[in-house]
2 protein chains.
Amino acid sequence: MRAAVMYGAGDVRVENRPDPKIVQPTDAVVRTLAACVCGSDLWPYRSMPATDAGRPMGHEFLGVVEETGADVTGLKPGDLVVAPFTYSDNTCDYCAKGLPISCRNGGRYGFDGVDGGQGGAVRVPYADGTLVKLPVSADSALLPSLLALSDVMTTGHHGAVTAGVARGDAVLVVGDGAVGLCAVIATKRLGAERIVLAGRHEARTNLGREFGATDVVAERGEEGIARIREVTGGVEKVIEAVGTRQALDTALGAVLDGGTISRLGVPQYEQGPIGPAEFMRNVTLTGGASPARAYIEQLLPDVLDGTMAPGRVFDQTFTLDQAPDAYRAMADRQVLKALIRP
Amino acid sequence: MRAAVMYGAGDVRVENRPDPKIVQPTDAVVRTLAACVCGSDLWPYRSMPATDAGRPMGHEFLGVVEETGADVTGLKPGDLVVAPFTYSDNTCDYCAKGLPISCRNGGRYGFDGVDGGQGGAVRVPYADGTLVKLPVSADSALLPSLLALSDVMTTGHHGAVTAGVARGDAVLVVGDGAVGLCAVIATKRLGAERIVLAGRHEARTNLGREFGATDVVAERGEEGIARIREVTGGVEKVIEAVGTRQALDTALGAVLDGGTISRLGVPQYEQGPIGPAEFMRNVTLTGGASPARAYIEQLLPDVLDGTMAPGRVFDQTFTLDQAPDAYRAMADRQVLKALIRP
């Protein structure tokens, strides 16, 4: 099969790799129909040291089950399925409490002998626990929105849930990337009345408005904080969907004392401001990597009936062989989120 | 009047200061009956640069109203009252949402022309908003436990509330100081079934057991974390009642993914570990400075009927003139919490 492999910063190649095969009886092999490039794929794209080994890329995909291991009971060849961005057994204590991202047997695509999602096929461990069957056909127009459930939409939802968004709330979403925009969808879905989107890429913030943002703040840093405070008087709930210290500082500057900041962007820092000043303000820091698998079934009906259309974040489609172009376009911010059709 | 004033690390003096007078019509002057030394008073006692000006000390006190300003309607001379450890107007937006610690007009005792609590009397700003009347006489045996409502007990309660402690929970309390021990009381009060107290001062952990701790872990650092995990399998809820990086690291090591750490000790660090590792684990960091005023009336009945006796944390009584000894004894860990009777 063909697959995208990263060999270092700026160096994504599409090459031939062995077709995946069942290794464990709980595996399934899924032929990929649609995959995409994640904002988090751009961090190694900017900074990964050069390597000869290469790293298979991609952790968001949907496709058709091709083969199942002997112990797989819930799936059969031909099923259309979406994969959450990590695999998980759905039976351990963490899975049982709704945190499959911390699954005791879970792992990441592209590591430990598991294929990446940006390729022709993937061997999915713990297929019964990981994959979610989709009741549509392979040519459904809903595929992009269903693919968004693998990460960006379930991640945005995680932000809204952990920030405690409820009916009538005013919420700030920091970041106009695909996760931030999906957080707008999720926040509106949970009943927020006022949704302030902090972002300065007009095409994206316009989509954010269509998703439900009531206000857009394009200014950054202190100016952005002042503007958000002017517009809202400060907010109780913030979803930080970037991962930079600047985004966290914006969240801290805009949140009211006693408020909550939910982080969705993988932090690009090891240490952060949780000293006496933040302590005195009773700011709660929550969120984290989304337990996507736990949310997919919950959000699926809203995608199927068209209540939400997170697939609109995909603004350009690439073939698998064009994957290097997809990375470049996203890194240059010419493309919001690249859909890849192997 | 006599009052304790700090002039630098290790340098607490008791000296004559002007008797407080009504300045604003919302003030009351309270003659102090009982005060105490706070764990947080020990941080400046260890590190405050020498100064000629001196800083009046103490923020926990109860006493008798001596005089009220023209606008004070809820209090009259002779009323016995307890003061939360900051003053607040009880009318601003933060007070209205139960966060008087962030009161728009609030402030701290010992600053901005307001007396400290370790003295003969205190001018209390926003007396109607700040002070809580106590339905006992000045010679009540309950005074120490009522005094504990000014800070340590309401702070311990804040930890249990923000950690989300509920019936049947397993909770870890890090720190066997007065706040940690009060957190044990609060945690048990909210129905926790298993309460692990991390501390190694036996007299204190024994009191913790009487307050409801089911397990005591005396080991520190990695060994302490291993022991807590061995005893509990990891905990969902942690109350960190120290404020050092080591205590936070213990909390992080012991908490399960998806769990909550509530911080009650004023952080002795500016930056802390909130990087990718903590993000991937979905650990929530909450807590902060207690909105004590918002909790006093809630906890008062339990003190009055003897359900809780947080005053047991006071293990030695000093006269006001002995305040320097009280600081020394607490700093040397010979005394858990010093009660001062002016």
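Colleague: Before we look at residues, what makes two strands a pair here?

Modeller: Two strands pair if DSSP finds at least two bridges between them, and strands themselves are DSSP runs of E, at least two residues long, numbered from the N terminus. In this predicted model, local features need pLDDT of at least 70 and side-chain atom pairs count only at pLDDT 80 or more, while totals for chains, interfaces and linings use all residues. Residues are numbered from 1 along each chain as its sequence is written, chains are lettered from A in the order in which they are written, and side-chain values use heavy atoms, with hydrogens and water left out.

Colleague: Then how do you know that β16 of chain A and β16(B) pair?

Modeller: Strand β16 of chain A, residues 271-273, shares 3 bridges with β16(B), in the antiparallel sense. The rule asks for at least two, so they count as a pair. Look at G272(A): it stands opposite G272(B) in β16(B).

Colleague: What makes a residue of chain B part of the contact with chain A?

Modeller: Contact means heavy atoms within 4.5 Å. On that rule, 37 residues of chain B touch 37 residues of chain A. The two chains bury about 3100 Å² between them, 52% of it on carbon and sulfur atoms; that's the accessible area (1.4 Å probe) lost on being put together, summed over both. In chain B, I274(B), F279(B) and N282(B) lose the most, together 24% of what that side buries.

Colleague: Why is K97(B) with E236(A) called a salt bridge?

Modeller: The term needs a side-chain nitrogen of Lys or Arg within 4 Å of a carboxyl oxygen of Asp or Glu. K97(B) and E236(A) meet at 2.7 Å, N to O, so the pair qualifies. The count between chain B and chain A is 2 salt bridges.

Colleague: How do you know that chain B and chain A are related by a two-fold axis?

Modeller: A rotation of 180° with 0.0 Å of shift along its axis puts chain B on chain A, RMSD 0.0 Å. The fit is by least squares on C-alpha atoms of residues with pLDDT of at least 70 in both. That is the relation of a two-fold axis. Both copies use the same surface, too: 100% of the contact residues of chain B recur in chain A.

Colleague: And what makes β2 and β4 of chain B edge strands?

Modeller: Their sheet is open, with antiparallel pairing, in the order β2-β1-β4. β2 (11-16) and β4 (55-56) each pair on one side only, so they're the edges. Strand β1 (residues 2-8) of chain B is joined to β2(B) by 6 bridges, with A4(B) opposite V14(B).

Key:
Helices (H or I, at least four residues) and strands (E, at least two) are DSSP runs, numbered from the N terminus.
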